[in-house]
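Dear colleague,

I am handing over the structure we spoke about, and I would be grateful if you could look through it with the notes below at hand.

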Amino acid sequence: MKKRTFKTLICAALAGISVLGFSACNLEAQTAYDVAVKNGFVGTEQEWLKSLQGSNGKDGESPTIEEIFASWKQQPGNENKSFDEFLKAYLTVDYNEGNNTKQIAENLTSSVSIYCGICTATEYRFGGYRYEWGVSAGSGVIYSLNDGYGYVITNYHVLYSASARNGDKVATRYDNGEGLADNSNIFVYLYGSASSNILSQSQDGTGYTDASGTALKAEYVGGSMSYDVAVLKIYGDNLTAAQEAKTATAAKTATNGVTVGEKVYAIGNPSGNGISVSQGVVSVESEYITMTAADDKTTTTFHVLRTDTAINPGNSGGGLYNAQGNLVGIVNAKTTTSSSGTSVENMGYALPIADVKAVADNIIDNGGAPKKPYFGITTTSETAHSEWNEVGDKLILKETVKVYSVTAEGEQNSGIGATKFRAGDEICAISIRRGSEEVLKVTVNTRADFTNSLLHVRAGDTLFVLIKRGNESITLSFEITQKNLSIA
């Protein structure tokens with residue numbers, strides 16, 4: 001009704017002007033001047049005509065939206081209402097406050113599609129190998145941009161094929177040595193510049209070429225199979241031009257995590273058909289899933305958030321954003337079948353952005369492989385419980401994180417925690433000091449908080465771990481050197 005009311009207000013103003021015009025054209029019965037006189041006008045016809053003109057000698061004009069807004073505010077109850085409230089009440093087109101098209105448009109400029117040429121090796125029965133080329137498709141997010149270059153975050157498995165080296169039996173000159181696509185066969189495209197048929201096979205048999213000339217130059221910086229995170233460096237004239245045109249921007253990352261039921265949307269490259277958007281909500285804000293890693297043989301556990309947003313092959317590595325347009329996760333997996341074999345719908349997963357940022361920054365700082373302090377301990381988490389967070393005004397899940405076992409000093413694989421931690425210690429908080437500056441302070445609410453906070457540690461830092469041992473609170477300190485850091 002309110003939408004129709006606003007439309008009526010405008011039409012009513014136009015109708016008043018139209019009546020005058022139509023009356024002036026009605027010559028059969030009487031002139032418009034005659035009608036005006038009958039309705040009380042006093043003066044000559046010339047004076048009447050002059051009265052129809054505006055103050056600047058122009059014909060009467062339609063009222064502006066500002067004038068209508070000013071008139072609306074004079075109605076009882078509207079005095080203190082905003083222009084936005086006015087539009088919600090009377091705009092003739094649908095007004096949907098949940099429609100985040102502006103934010104989505106901005107996020108599209110930080111979204112990329114990724115295509116990788118992979119050379120797989122199949123061993124013949126009687127010796128030798130057959131090499132075949134294929135293309136895998138995925139997604140990525142522009143993490144940061146500098147003058148002429150930037151970094152893209154994606155999933156490790158987007159760039160990796162377990163058969164690229166045939167299970168470590170054979171290496172080819174067409175990969176990075178670890179089953180990863182070679183740099184010459186990694187193609188990154190900005191939104192709007194790629195389609196599913198954008199690559200063509202090179203004539204020399206070394207992979208693929210970009211048929212459109214719009215691909216960004218890309219280099220593999222590093223990654224981690226156990227975290228399923230990889231970083232690419234992008235550069236070149238195409239990126240520079242896109243930066244100047246503002247069609248390439250870095251994503252804005254969320255700082256406060258997510259809440260169950262919060263609206264989110266995924267931007268990715270489903271089925272390799274180009275970047276598209278799907279929408280849903282956060283189903284579970286923090287959980288752990290165990291699955292086979294990209295090498296098809298290693299079992300690994302990922303800390304993830306769950307969403308009912310449509311996730312399909314090709315979405316891997318793409319961003320999951322909240323309603324404010326902030327990046328909250330990197331999509332990496334979905335459940336398709338239950339343990340009983342029943343088909344499952346709307347169970348997709350994303351790596352929380354706080355975890356991904358820690359891994360990506362570590363990869364960049366350490367030249368390819370993420371490193372963190374090695375304590376020589378295993379941890380466990382007791383049953384999670386919910387707790388209301390007054391600061392964030394949301395319900396959060398908390399775990400009690402404890403040391404499960406400690407490798408004794410002198411034993412193989414003993415670490416810097418051998419003489420300091422004890423089994424049963426509860427890990428409460430982490431802080432990192434770099435020189436005189438405290439660079440990180442984290443309350444450990446989940447096991448992931450503990451393990452991922454260690455990714456922020458660099459050689460030269462002092463690391464503090466607050467524990468509870470029985471009824472006593474103890475702060476353990478560690479001076480970190482390169483020797484103390486190991487591959488994460």
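What follows is an account of what was found, beginning with how the model should be read.

This is a predicted model, in which local features need pLDDT of at least 70 and side-chain atom pairs count only at pLDDT 80 or more, while totals for chains, interfaces and linings use all residues. Residues are numbered from 1 along each chain as its sequence is written, and side-chain values use heavy atoms, with hydrogens and water left out.

The barrel and its helices

Helices (H or I, at least four residues) and strands (E, at least two) are DSSP runs, numbered from the N terminus, and two strands pair if DSSP finds at least two bridges between them. On that footing, 6 strands close into a barrel in the order S9-S10-S11-S14-S13-S12, with antiparallel pairing. Neighbouring strands of this sheet are turned by 55° against each other on average, direction ignored; axes here are lines fitted to C-alpha atoms, for helices over the stretch in contact, and angles run from 0 to 180 degrees between N-to-C directions. Within the barrel, strand S13 (residues 327-334) pairs with strand S14 (residues 348-352) in the antiparallel sense over 5 bridges, and Ala 333 stands opposite Tyr 349 in S14.

Helix H9 (residues 353-365) packs on the sheet, where it touches strand S11 (299-307), S13 and S14, and its direction makes about 50° with that of S14; contact means heavy atoms within 4.5 Å. The 13 residues of H9 should span 18 Å at 1.5 Å a residue, and its end C-alpha atoms are 18 Å apart, which agrees; the expected span is 1.5 Å times one less than the number of residues. Among the buried residues of H9 are Ile 353, Val 356, Val 359 and Ile 363, where buried means under 20% relative accessible area, exposed over 50%, and partly exposed in between (1.4 Å probe, protein chains only). After H9 comes Gly 367, whose phi is positive, near 70°. Another helix, H6 (residues 101-108), lies across strand S9 (263-268), strand S10 (276-292) and strand S12 (319-322), running at about 35° to S9.

Aromatic rings

Rings of Phe, Tyr and Trp (its six-membered ring) pair if their centres lie within 6.5 Å, and planes under 30 degrees apart count as stacked, over 60 as edge-to-face and the rest as tilted; by this rule the count comes to 9 aromatic pairs. One of them joins Trp 133 and Tyr 208 edge-to-face, at 6.1 Å centre to centre and with 85° between the planes. This pair links distant parts of the chain, with Trp 133 in strand S2 (residues 129-145) and Tyr 208 in strand S6 (residues 208-210), 75 residues apart. Trp 133 counts as buried at 18% relative accessibility, and Tyr 208 is buried with a relative accessible area of 13%.

Phe 375 and Phe 421 form an edge-to-face pair as well, at 5.2 Å centre to centre and 75° between the planes. Phe 375 lies in the loop between strand S15 (371-373) and strand S16 (377-381), and Phe 421 in the loop between strand S19 (401-406) and strand S20 (426-434), so the pair ties together parts that are 46 residues apart in sequence. Both Phe 375 and Phe 421 are buried, and ring pairs link them with Phe 450 and Phe 478 into a cluster.

With kind regards
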